[in-house]
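Grab a coffee and open the viewer. Below are some short exercises, each with a solution worked through in steps.

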Amino acid sequence: MQKDITEAIRVARKLYPDIEFIHSDFKTYVKAMEKEISENFSTVKGELTSQETDGRWTLANTASSWMGLKVDNRAGETALERKAEPAAAMAEVLGKAYPEDQMIYSWKKLMQNHPHDSICGCSVDEVNEEMKTRFAKSRQVADAIYDESVEYLTDQVNTAALPGNSEKIPFVVWNTSGNAKKQVIAKELHLFRDYNLFVWDGYEAAEAVEMPNLVLRDANGNAVPAKIENAGISFGYDLPDDRFRQPYMAKKVLVTFEAEVPAMGYATYYLEQAEPDQNQETSADFANERVLENENLKVTVNEDGSYQILNKETGRTYENLGFYEDTGDMGNEYIYIQDSGKQTITTKGMKLRFAVWRKMHSAR
C-alpha cells in the first residue's frame, strides 16, 4: 500500500495540469480502456514469451540460466521431502530420536538459495558459486539423515527368520513414498568381506573367491527373476560409533531385478547358492535397449537420441521429444536474446551412442 498516494496525486496534478489524474480501481480502469480501444490496437495470441512478441522482457528464459543450480535444487528437495523426512519419521515410530536440529539446518541451507534472483540464476558468478556450497551442505546432511534412518530401520527387520540356509545374503529394499512401487532396482552385495588382512592380501583373498551360481528369493522363499553379475573387488570401511573406522576388502555381486515394495514400507530379499541344475531367470535383461514399454505408455528412442511417446489409452503419439539445441545469446543475466545470425546447433539427425543406465535405488 502506498500511504501517500493522495499527496502524490495532488503533486502530479500540480506538475502536469493538462493531464487528469484519477485515484481509481482495476474494474474502472478496464472499463475506461475499453472505451479507448480502436483499430490501432494489435492482437497477440499465445504466451508473451517469444521474441516475436517482444517476450525478451518477461524473464521466462532464466529457467535455463545456471541449469546446474536448478538440478542441485531439485535433488536437494527430493533428498529431504522424499527420503530423509519420511525415513526419519518411520524410524521415530520405532524408537529412534527424530533429528530435528539436523533437519532444520538442511532445510535452511536449501532455502537460503531460494530468493528469486538466486534460484533464477541471474546473479553474479560469486553468488552462484556460493549457492553450490549451500546445496552441498544441505544435501550432505539430508543424505546422512536418510542413511542413518534406513540403517536403523533395517536393524529392526528380522532377516534371520527368512527361509534358506545360514550362508544366505539378505537385504531390505525400502520405499519412503506414499505409493506402492514396482520397479527395477540394482544392488551391490558382498560375497566376501575381510577386515583382518592387509590391502594386498585382502585383494588376493577376495580374488580367490569363486563366483557361485546364485538365485534371488523373496521373503517367502520364492525365486525372483534377476540378473546377477560379478561386480569385482573393492576397498571399503565401516564407521562404528565406538571405535575407529574398520577397513575391509570385499568381493561383490550386482543383482538387478524388479522389486515390489508397499507404500512407506519395505520388502526383504536374499541371495543363496542355487542347486546345480537351477538357472536364475534373467527377466531384467533388456531385449531392445531403445524401447521402454508398459501397459500405459510406449517410449521409443530414435537414432539421434530424441524419442516419441505413445499413449496407449488415447492412441496419441508425441514425436520429436528430448533433443538438444544451442543458440547464440546476446542478452544479459536476466534476458535471453538470440544473436542476429540465429544459428542453431542441434542434436536432431546426429548419430548417437546408446547405453542402458540402471538406476540405483535404496536397498540395504
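**Exercise 1: two helices side by side**

Task: work out which residues of α3 meet which residues of α4, and how the two helices lie against each other.

Solution. Keep in mind that you're looking at a predicted model.

Step 1. Start with the contact itself: on the α3 side you should find N73, G76, E77, L80, E81, A84, E85 and A88, and facing them from α4 are M103, S106, W107 and L110. Sorted by class, the contact of α3 with α4 holds six nonpolar, three polar and three charged residues.

Step 2. Next, the geometry. Two packed helices are described by the angle between their axes and the distance between the axes. For α3 (residues 67-93) and α4 (residues 100-111), the angle is about 165° and the axes are 11 Å apart. Since angles over 145 degrees count as roughly antiparallel, α3 is roughly antiparallel to α4.

Step 3. Finish with the handedness: α3 and α4 make a left-handed crossing.

**Exercise 2: the other partner**

Task: describe how α4 packs with α6.

Solution.

Step 1. Helix α6 covers residues 125-155, and its axis comes within 8 Å of the α4 axis, crossing at roughly 150°. That angle makes α4 and α6 roughly antiparallel to each other.

Step 2. The crossing of α4 and α6 is left-handed.

Step 3. Now pick out the residues: α4 supplies Q102, M103, Y105, S106, K109 and L110, while α6 brings R134, F135, K137, S138, V141, A142 and I145. The contact of α4 with α6 has seven nonpolar, three polar and three charged residues.

**Exercise 3: a sheet of three**

Task: put the strands β1, β3 and β6 in order and say which of them stand at the edges.

Solution.

Step 1. The order is β1-β6-β3, in an open sheet with antiparallel pairing.

Step 2. β1 (169-175) and β3 (214-218) each have a single partner strand, so one side of each lacks a neighbour in the sheet, and these two are the edges.

Step 3. On average, neighbouring strands in this sheet are turned by 25° against each other, direction ignored.

Step 4. Zoom in on one pair: β3 and β6 (residues 265-273) run antiparallel and are joined by five bridges. D218 has Y269 in β6 as its bridge partner.

**Exercise 4: a sheet of four**

Task: do likewise for the sheet that holds β8 and β9.

Solution.

Step 1. Four strands line up as β7-β8-β9-β10, giving an open sheet with antiparallel pairing. β7 (291-293) and β10 (316-321) are the edge strands, each pairing on one side only.

Step 2. The twist from one strand to the next averages 10°.

Step 3. β8 (residues 297-301) and β9 (residues 307-311) pair over five bridges, in the antiparallel sense. For K298, the bridge partner in β9 is L310.

**Exercise 5: a glycine in a loop**

Task: where is G305 found, and which residues does it touch?

Solution.

Step 1. G305 is in the loop between β8 and β9.

Step 2. G305 has 25% relative accessibility, so it counts as partly exposed.

Step 3. Leaving out residues up to four places away in sequence, G305 touches G322, L352 and F354.

Step 4. Try the C-alpha distance from G305 to R353: the two atoms are separated by 8.3 Å, with the residues 48 apart along the chain.

Conventions: Residues numbered from 1 in each chain as written. Predicted model: local features only at pLDDT ≥ 70, side-chain atom pairs only at ≥ 80, totals over all residues. Heavy atoms only, no water. Axes fitted to C-alpha atoms, helices over the stretch in contact; angles between N-to-C directions. Parallel < 35°, antiparallel > 145°, perpendicular 65-115°, else oblique. Left-handed = near helix turned anticlockwise from the far one by under 90°. Contact = heavy atoms within 4.5 Å. Nonpolar A, V, L, I, M, F, W, Y, C, P; charged D, E, K, R; others polar. Pairing = 2+ DSSP bridges. Buried < 20%, exposed > 50% of the residue type's maximum accessible area, 1.4 Å probe, protein only.
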